[in-house]
Amino acid sequence: MLFSKEEYLARMNHTKQKMMEYGVEVLLVSNPSNIYYLTGYNAWSFYVHQILVVMIDEDQPIWIGREMDAHSAKVTTWLDDNYIIPYPDEFVQSTIRHPMDFVANILNEIGQGNRKIGLEMDAFYFTAMCYERIMQGLPNAEFRNFSTLVNWVRLIKSDDEIECMKKAAKILEHAMHAAYYTADVGIRENDVAAAIYQAQISGTAEFGGDYTSIVPMIPTSENTASPHLTWTDRQYKYGDYLTIEIAGCYRRYHTPMARTMAIGEAPDKVIDLAEVVQEGIETTLDVIKPGMTAEEVESIWSKTIAKRGYFKESRLGYSIGLSFPPDWGEHTVSFRKGDRTILQPNMTFHLMPGIWLDDYGVEITESIRITENGCETFAKVPKELYIKEPSDITAMNFKTETGT
């Protein structure tokens with residue numbers, strides 16, 4: 001296990017306190033990030049249904065998942081074997097049976113079928129069929145939606161979690177440098193993605209990396225107006241510019257970052273927008289501190305870029321930490337108007353100052369930790385627009401002869 005049993009028990013106690021506050025007696029956890037947080041369970045098994053049953057009056061939760069994954073639960077969690085209950089493979093992707101039928105039967109057998117049950121109804125892997133079958137199997141239960149109860153428990157990180165994110169940041173630095181080094185005239189976008197993946201997983205000499213919850217997003221030139229494009233096999237040419245949004249990941253803990261670079265030279269409009277974004281993020285980082293609200297952080301950024309005539313509609317950032325695909329966000333705090341969450345030490349965020357216009361965009365972002373007196377960035381990569389001189393001699397000659 002990555003953390004001590006004492007830390008897992010503390011997480012369980014905090015979760016149960018929240019359950020008591022909201023009148024929940026049983027919580028069915030389907031979000032793999034929350035299952036990992038409470039137990040340490042870590043396997044690529046979330047493509048089939050799995051549930052962690054947290055009961056207000058039981059010391060240990062019950063893991064219920066596919067039979068072939070039960071051993072993964074035994075070797076990665078702190079749970080006793082009798083709290084690991086597998087369902088047979090006949091429940092997997094069947095048109096007759098459903099894993100929630102099995103879960104409902106277990107809850108009825110152990111006397112939990114008529115209690116107030118919380119569901120993660122907006123979790124990625126809790127489907128409409130899951131809801132329908134658990135409702136049918138537990139007709140005497142009272143169901144309520146608590147999609148992010150455990151997410152909010154995760155908001156303030158322990159010192160050990162912060163150390164994981166610092167290691168992820170070191171991996172991120174290597175991955176960003178790999179992207180900078182590889183992108184060049186004649187190189188394909190997919191080759192840059194491959195270099196990023198290699199650096200992410202190789203990690204450092206001291207520790208290796210994990211797979212990230214989001215793939216590298218590296219749109220080029222006019223496609224930078226669409227921040228969530230991934231890559232093609234298109235070759236870069238002189239004068240291309242690209243945004244690079246990636247993360248480092250260590251034992252499921254993420255530190256994301258975005259940067260913008262150009263090959264050879266950047267258009268004036270990109271240079272100008274990069275200056276706006278850089279000024280905005282530097283000003284915002286200087287003032288973030290405990291006691292501020294999330295919307296106050298967004299207000300600082302908005303006022304700063306407004307002086308240059310810019311406005312950003314999307315949120316400025318969001319809480320981060322451990323995660324499984326398809327997202328590295330925690331789905332709790334957002335830096336935007338109306339979010340009055342008060343910042344506290346060891347909250348961690350992806351500060352996401354990107355501006356996307358009709359035919360281009362610029363991203364310069366940081367993963368940050370709220371400290372006792374302010375905030376600190378996890379990774380150390382220069383924030384300015386990076387302009388790389390191409391190594392292709394033909395491209396350089398073309399530039400000299402044509403003046404373009």
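The buried residues of helix α4 pack against the strands β1, β2, β3 and β4, and against helix α5. I should say at once that this is a predicted model. Helix α4 covers residues 99–109, and eight of its 11 residues are buried, so described because their relative accessible area falls under 20%. Those residues are P99, M100, D101, F102, V103, A104, I106 and L107. After the helix comes G111, whose phi is positive, near 75°.

Let me turn to helix α5, one of the elements that α4 packs against. Helix α5 runs over residues 128–137, and I shall take two of its members. R133 is found in this helix. Is R133 buried or exposed? Its relative accessibility is 16%, and therefore R133 counts as buried. Leaving aside neighbours within four places in sequence, R133 is in contact with I96, R97, H98, M100 and D101. Of these contacts, M100 and D101 also appear among the buried residues of α4.

M135 also lies in helix α5. At 34% relative accessibility, M135 counts as partly exposed. Together with M121 and Y131, M135 makes a nonpolar surface patch of about 240 Å².

I now move to the interior. In soluble globular proteins, nonpolar side chains tend to be buried together. Here the largest nonpolar core holds 97 residues, and the members that touch the most others are L28, V53, W63, I64, I134 and I244. Which helix gives the most to this core? It is α7, residues 159–182, with 12 residues. To take one core member in detail, L28 is in contact with I51, L52, V53, L107, I117, G118, L119, E120 and I134, once neighbours within four places in sequence are set aside. That list includes L107, which we met as a buried residue of α4. Another core, of 31 residues, lies apart from the largest one; V297, I305, F335 and I355 are among its members.

Next, the aromatic residues. The structure holds 16 aromatic pairs. One of them joins F46 and F324: the ring centres are 5.7 Å apart and the planes stand at 75°, so the pair is edge-to-face. This pair links distant parts of the chain, 278 residues apart. F46 sits in the loop between α2 and β2, while F324 sits in the loop between β9 and β10. F46 is buried at 5% relative accessibility, and F324 is buried at 4%. A further edge-to-face pair is formed by Y87 and F91, at 6.1 Å centre to centre and 65° between the planes. Both Y87 and F91 are buried. F46 and F324 also belong to an aromatic cluster, whose other members are Y36, W44, Y125 and Y211.

My last topic is charge pairing. Side chains of opposite charge can pair when their charged atoms come close. In this model the count comes to 24 salt bridges. I shall describe three of them.

The bridge between E330 and R154 has its closest N and O atoms 3.9 Å apart. Where do the two partners lie? E330 is in strand β10, and R154 is in the loop between α6 and α7, 176 residues apart. E330 is buried, with a relative accessible area of 1%, and R154 is likewise buried, at 2%.

D191 and R188 meet through their side chains in a salt bridge, at 3.0 Å from N to O. D191 is partly exposed, at 27% relative accessibility, and R188 is partly exposed, at 34%.

Finally, E275 forms a salt bridge with R308, the closest N and O atoms being 3.8 Å apart. E275 lies in helix α9, and R308 lies in the loop between α10 and β9, so this pair ties together parts 33 residues apart in sequence. E275 counts as partly exposed at 42% relative accessibility, and R308 as partly exposed at 38%. Beyond single pairs, salt bridges that share partners join R259, E282, E366 and K383 into one network.

Methods:
Residues are numbered from 1 along each chain as its sequence is written. This is a predicted model: local features need pLDDT of at least 70, side-chain atom pairs count only at pLDDT 80 or more; totals for chains, interfaces and linings use all residues. Side-chain values use heavy atoms; hydrogens and water are left out. A nonpolar core is a set of buried Ala, Val, Leu, Ile, Met, Phe, Trp, Tyr and Cys residues joined through side-chain atoms within 4.5 Å. Buried means under 20% relative accessible area, exposed over 50%, partly exposed in between (1.4 Å probe, protein chains only). Helices (H or I, at least four residues) and strands (E, at least two) are DSSP runs, numbered from the N terminus. Contact means heavy atoms within 4.5 Å. Patches are made of residues with over 30% relative accessible area and no salt bridge: like charges are joined within 9 Å, nonpolar side chains (Val, Leu, Ile, Met, Phe, Trp, Tyr) within 5 Å. Accessible areas come from the Shrake-Rupley method with a 1.4 Å probe; for residues, only the protein chains shown count as cover. A salt bridge is a side-chain nitrogen of Lys or Arg within 4 Å of a carboxyl oxygen of Asp or Glu. Rings of Phe, Tyr and Trp (its six-membered ring) pair if their centres lie within 6.5 Å; planes under 30 degrees apart count as stacked, over 60 as edge-to-face and the rest as tilted.
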